[in-house]
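Biologist: Could you take me through the part of this structure that the UniProt record marks as a binding site? I'd love a close look at the residues there and at what lies around them.

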Amino acid sequence: MKETYELIIRNGDVVLPGEVRKLDVGVRGGKIAALGQDLQAAAATTVMDAEGQYVLPGMIDMHVHFNEPAFGHWEGFRSGSAALAAGGCTCYADMPLNGNPPTVNKAALQLKAEAASGNSAVDYMLWGGLVPGNLGDLEELAAAGVTGFKAFISNPGGEGEGRFREVDDTALYLGMQKIAALGGILALHAESEDITAVLSADAVRSGRTGARDFASSRPAAAELEAVSRALLYSERTGCRLHFVHISTAAAIEMIHAAKGRGLDVTAETCPHYLVLNEDSMERLGPVAKCAPPLRSAQEQKELWKVLAEGRIDLIASDHSPCPPELKLDPGLTFFEAWGGISGAQSSLELMFHEGVHMRGLPVTQVSALLSGRPARRFGLDHRKGSIAPGLDADLVLLNPKASYTLAAGDLLYRHKHSPYTGMTLSCKVTATVCRGKVIYTAEQGVVSADGGEWLQIYSGQQAL
Ligand SMILES: NC(=O)N[C@H]1NC(=O)NC1=O
Ligand SMILES: [Zn+2]
Ligand SMILES: [Zn+2]
């Protein structure tokens, strides 16, 4: 019988691991079935013309905060995942905090999973939390299919008794011992609580509450101290470690050196540390507030350098949204405003605009940071992360010549603020396909908002 495809994407510049080739991509049963020239369409085949466009593997964003349960009015699975689909992301991992209850035991994971079920445009994973007092819950969380565990060394913000707590040294050390025994991975927000808490309190007490005061209250030393402590614990416990949102080249170098000594550690950074800096934070206000803070132009330059050298393992958005009154109210000081950037919809376009178009990085390198490497690190590469026969047909069409200025009205987040609005981008996602289904087109918007599935894949076994 003649082989038929449900979808053929024709004549795109297909971004394969290590090379770009002009090919047709044939999709059958939601999987990539063939890569070749002049694939034959049948009557029922949907054909997309990708002439002049890149065809990329969908981004895998390992770091977003969708705030359900209880804080869906900040961001929910529906709005957040629609924004990801529009930005060329086909799979993400949701962090265990900013919702209530935080995802620190099996019952809370169940609530999280119920909130996500039937409400995600793209596939997803769920992180569990490591907090003081939940050592006894980690095994059940692992068995229930969390990706791995997330912990904070500094105070994650949020209010009330039920908030997600940062770990002290003991909780971190014992937690890492336990996670090592469970064969899992710890994702860590690495900033020293001692340094950031004392410097923040000092700044507020003396009325130094501007953008640069906020930045000085969370210096690079706070990141470096926490990274070095966690590396020591990783060495002593054997716990696999992934550092989220690293903001300095010096921390990347420390992590890289540890990897060289044989530790199973990786580092992520976010588009905002690459595209924005302290000057942007002063100009834009708290919409650009995050932790660790945006750094100096010099630090930003050094971060691009280590990225170009291949020392950063992967890129994730750290989309951490909130309602406008917690961010944009002119009465708020930098210290009072919510810390977290709404950016998930723009990661891929920002990385192509700045990385490929402005700085000349290879398309394949940028694509690997967004897709192939996160897939490999978190054990998804048998399903996702690259364009190869047999893998899920998670594909993005990117027009590298479609310049546009990002407007608030383009954003699909629950709250339409972002530090990137007003920015002119030199490329645009024109279509997103998840498991063979077209879920977004630039003309029609999100056409399928609920087909995403929970991938209950417990971490990965691969080092990078
Ligand atoms: N609570 C929370 O989402 N915090 C995140 N926001 C941010 O800017 N950094 C974070 O870790
Ligand atoms: Zn964080
Ligand atoms: Zn985060």
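Modeller: Happy to. In the UniProt record, an unreviewed entry, the "binding site" annotation covers Lys150, His189 and His245. These residues are spread over 96 residues of sequence, yet they cluster in space, with a largest C-alpha distance of 12.5 Å. Please keep in mind that the model is predicted.

Let's begin with Lys150. The same kind of record, again an unreviewed entry, also lists Lys150 as a modified residue, N6-carboxylysine. Lys150 belongs to strand S10, which spans residues 149-152. Is Lys150 buried or exposed? Lys150 counts as buried because 28 other C-beta atoms lie within 10 Å of its own, and the cut-off for that label is 20 or more. Apart from neighbours within four places in sequence, the contacts of Lys150 are Met95, Pro96, Trp127, Gly129, Leu130 and Ala187.

His189 comes next, and this residue sits in strand S11. His189 is likewise classed as buried, because its C-beta has 24 others within 10 Å. Leaving out neighbours within four places in sequence, His189 is in contact with Phe152, Ile153, Ser154 and Val244.

His189 also takes us to the ligand, being one of the residues that surround ligand 1. Others in that shell are His65, Leu97, Asn98, Pro156, Gly157, Cys290, Ala291, Asp318, Ser320, Gly339 and Gly340. By character, the shell of ligand 1 divides into seven polar residues, four nonpolar ones and one charged one.

Now for the sheet that holds these strands. S10 and S11 take part in an open sheet of six strands, paired in parallel and ordered S9-S10-S11-S12-S13-S14. At its edges are S9 (128-129) and S14 (314-315), each pairing on one side only. Helix H7, residues 220-237, packs on this sheet and touches S11 (185-189), S12 (240-243) and S13. The direction of H7 makes about 165 degrees with that of S12. A second helix, H8 (residues 249-260), lies across S12 and S13 and runs at about 155 degrees to S13. Towards the S14 edge, S13 (residues 265-269) runs parallel to S14 and is joined to it by two bridges. In that pairing Glu268 stands opposite Leu314.

For context, here is how strand S1 is paired. S1 (residues 7-16) and S2 (residues 19-28) are antiparallel and share eight bridges, with Asp13 standing opposite Lys22. The two strands form a hairpin with two residues between them, and Gly18 in the turn has a positive phi of about 85 degrees. S1 also runs parallel to S4 (residues 46-49), joined by four bridges, and there Ile9 stands opposite Met48. With S5 (residues 54-57), S1 pairs in the parallel sense over two bridges, and Val14 stands opposite Val55.

To come back to your question, the record's site includes Lys150, found in S10, and His189, found in S11. Both strands are in the six-stranded open sheet, and His189 is among the residues around ligand 1.

Key
Residues are numbered from 1 along each chain as its sequence is written. Chains are lettered from A and ligands numbered from 1 in the order in which they are written. This is a predicted model: local features need pLDDT of at least 70, side-chain atom pairs count only at pLDDT 80 or more; totals for chains, interfaces and linings use all residues. A residue is near a molecule or strand if its C-beta atom, placed from the backbone, lies within 6 Å of it. Ala, Val, Leu, Ile, Met, Phe, Trp, Tyr, Cys and Pro count as nonpolar, Asp, Glu, Lys and Arg as charged, and the others, Gly among them, as polar. Two strands pair if DSSP finds at least two bridges between them. UniProt positions are given in the numbering used here, feature names are shortened, and annotations may be inferred rather than shown by experiment. A residue is buried if 20 or more other C-beta atoms lie within 10 Å of its own, exposed if 12 or fewer, and partly exposed in between; C-beta atoms are placed from the backbone. Two residues are in contact if their C-beta atoms, placed from the backbone, lie within 7 Å. Axes are lines fitted to C-alpha atoms, for helices over the stretch in contact, and angles run from 0 to 180 degrees between N-to-C directions.
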